[in-house]
Amino acid sequence: TVGTAGLGLAYGLTGRITLFGHLPIVRVKVRSTFDLVGDGTAGFNPADPLFGTPEGETQSVQFFLGFDAALSTLQQKIAAGDYDADPAQRALAEATLASGTTLRNNLHALVLGTGTASPFLPVATSSVGAAVLSQVTGLQNTLSADLGVAGFAAIPALPEAPLTSEEFDGFISDPAGPVAGSLATPSLGALGDAEVGVAITLADGLTGSTTGRGVRLAAQGLVRLPTSFLSDNRRFFDVGSGDKQTDVEGTMVLDLVAGKFGARAMGTYTLQRAGTAERRVTRPDQPIALASRLARVSRNPGDLITVGFTPMFRLADRFGLMGGVAWRRKGSDAVTLAGGQDPLPDASPDLLAIDTDGSWTTATAGLLYTVPMRVENGKTHMPLDAGVAWESVINASGPLRVAKTASVRFWLRVYGRL
């Protein structure tokens, strides 16, 4: 839920040229729920130094000590010629040594390897866990029954139960863990991106119209300043108060009025300039990234084109209905590491630019309340406008991931004269 309280100032240089500025204060509240869905088949690695147990670590260490001893014994027996009398047995011994060494190295990297061990392993009773244990016991049977290498009967420690939502949250939020993030998001109140600009009325056939018909054409140029706060890279559901980058934006607006009917056509081009931020470098389909992927990046968002059409119908003197559609097209981002940083291993900043271009269409319907500025008995009464509108994304194309949102927006603007 996003609320904005803003202070806007405008100064009319002439009857057709107005300078303006807007300073928004943004309040953001995120209500997030997270739960594991379905039947999980993974749990914490019992040998993990942070999320495992001393007993689990001991069991896995003893398993690999026994594994190494069995392979060493097998290698010694092959070198001593213990199987030379039976060529088939020697071939089996050599094949078992090769496959056993591969199995040992892969399992050790997964369970205990420095920098490679996984904090999660398949549950012992799952199909994957059973397959792992089956490979181990199959090798042990071959060593004992066919090759005369006894004494290796241990198994690696696998989790007994799937991960719970609470355990996963602990894995994400543990400050000493590999992620050091959070699935919780506190409310945020902060300054948004301030705007300064100029509006120019190019043609005005509405002011002073006595027929209830007319056309007005206006242009607006503004600069959006990087005064907001970005989302916190430690909080995966966080929403900042703005984009915190400089935008240069030009807009053309055409208003048409015919009695109780009206319409507004609008076109905007937004030139988005580069800004820097701390981000976890990861693919868009891997949103929870390790803390080791954190880097300061320079991001130049693709430029944005917006075209909209909004018809309106006046129900009464101050009330009206409005609807409309808006189409937006965004170009691809360009992301590089900010200066003075070493490249991240296996994490090019280009990952943050994947699937950042595309287009989407939103539909809007709502109710308007408008009090125009008027002069009565020499006294000027300032305008007021308010409304409520429903808005939803109805279509999207291209690789850009667009949230299929439906929202309700309320607004109130009160004007005063300085």
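This report walks through the salt bridges and surface patches of a predicted model.

**Salt bridges**

Let us start with the charged pairs. The count comes to 18 salt bridges, and three of them are set out below with the gap between N and O atoms.

| Acidic residue | Basic residue | N to O distance |
|---|---|---|
| D232 | R234 | 2.7 Å |
| D285 | R283 | 3.0 Å |
| D385 | R413 | 2.8 Å |

How many residues apart in sequence are the parts that D385 and R413 tie together? D385 sits in strand 18 (residues 384-397) and R413 in strand 19 (residues 406-414), so their salt bridge joins parts that are 28 residues apart.

It is worth looking at how much of each partner is open to the surface. D385 has a relative accessible area of 14% and is therefore buried, since the cut-off for that class is under 20%. Its partner R413 is partly exposed, at 43%. The pair of D232 and R234 can be read in a similar way: D232 is buried, with 17% relative accessibility, while R234 is partly exposed at 45%. For the bridge between R283 and D285, the values are 33% for R283, which is partly exposed, and 43% for D285, also partly exposed.

Salt bridges in this model also go beyond simple pairs. Which residues are linked in a network of salt bridges? The members are E195, R224, D247 and E249.

**A nonpolar patch**

Now to the surface. V248, Y269, L271, I305, V307 and W327 together make a nonpolar surface patch of about 480 Å². Two strands each supply at least two residues of this patch, namely strand 9 (261-272) and strand 12 (304-314). Another member, V248, is found in strand 8 (residues 247-258). Is V248 buried or partly exposed? With a relative accessibility of 38%, V248 counts as partly exposed, and V248 can belong to the patch because patch residues need over 30% relative accessible area.

**A negative patch**

A patch of negative charge is found on the surface as well, and D35, E166, E167 and D169 form it. Where does D35 lie? The loop between strand 2 (17-28) and strand 3 (42-44) holds this residue. D35 has a relative accessible area of 55%, so D35 falls in the exposed class, which begins over 50%.

**Looking back**

To tie the strands and patches together: strand 9 and strand 12 contribute to the nonpolar patch, whereas D35 of the negative patch comes from a loop.

Terms used: Residues are numbered from 1 along each chain as its sequence is written. This is a predicted model: local features need pLDDT of at least 70, side-chain atom pairs count only at pLDDT 80 or more; totals for chains, interfaces and linings use all residues. Side-chain values use heavy atoms; hydrogens and water are left out. Patches are made of residues with over 30% relative accessible area and no salt bridge: like charges are joined within 9 Å, nonpolar side chains (Val, Leu, Ile, Met, Phe, Trp, Tyr) within 5 Å. Accessible areas come from the Shrake-Rupley method with a 1.4 Å probe; for residues, only the protein chains shown count as cover. A salt bridge is a side-chain nitrogen of Lys or Arg within 4 Å of a carboxyl oxygen of Asp or Glu. Lys and Arg count as positive and Asp and Glu as negative; His and the chain ends are not counted. The place of a charge is taken as NZ of Lys, CZ of Arg, CG of Asp or CD of Glu. Helices (H or I, at least four residues) and strands (E, at least two) are DSSP runs, numbered from the N terminus. Buried means under 20% relative accessible area, exposed over 50%, partly exposed in between (1.4 Å probe, protein chains only).
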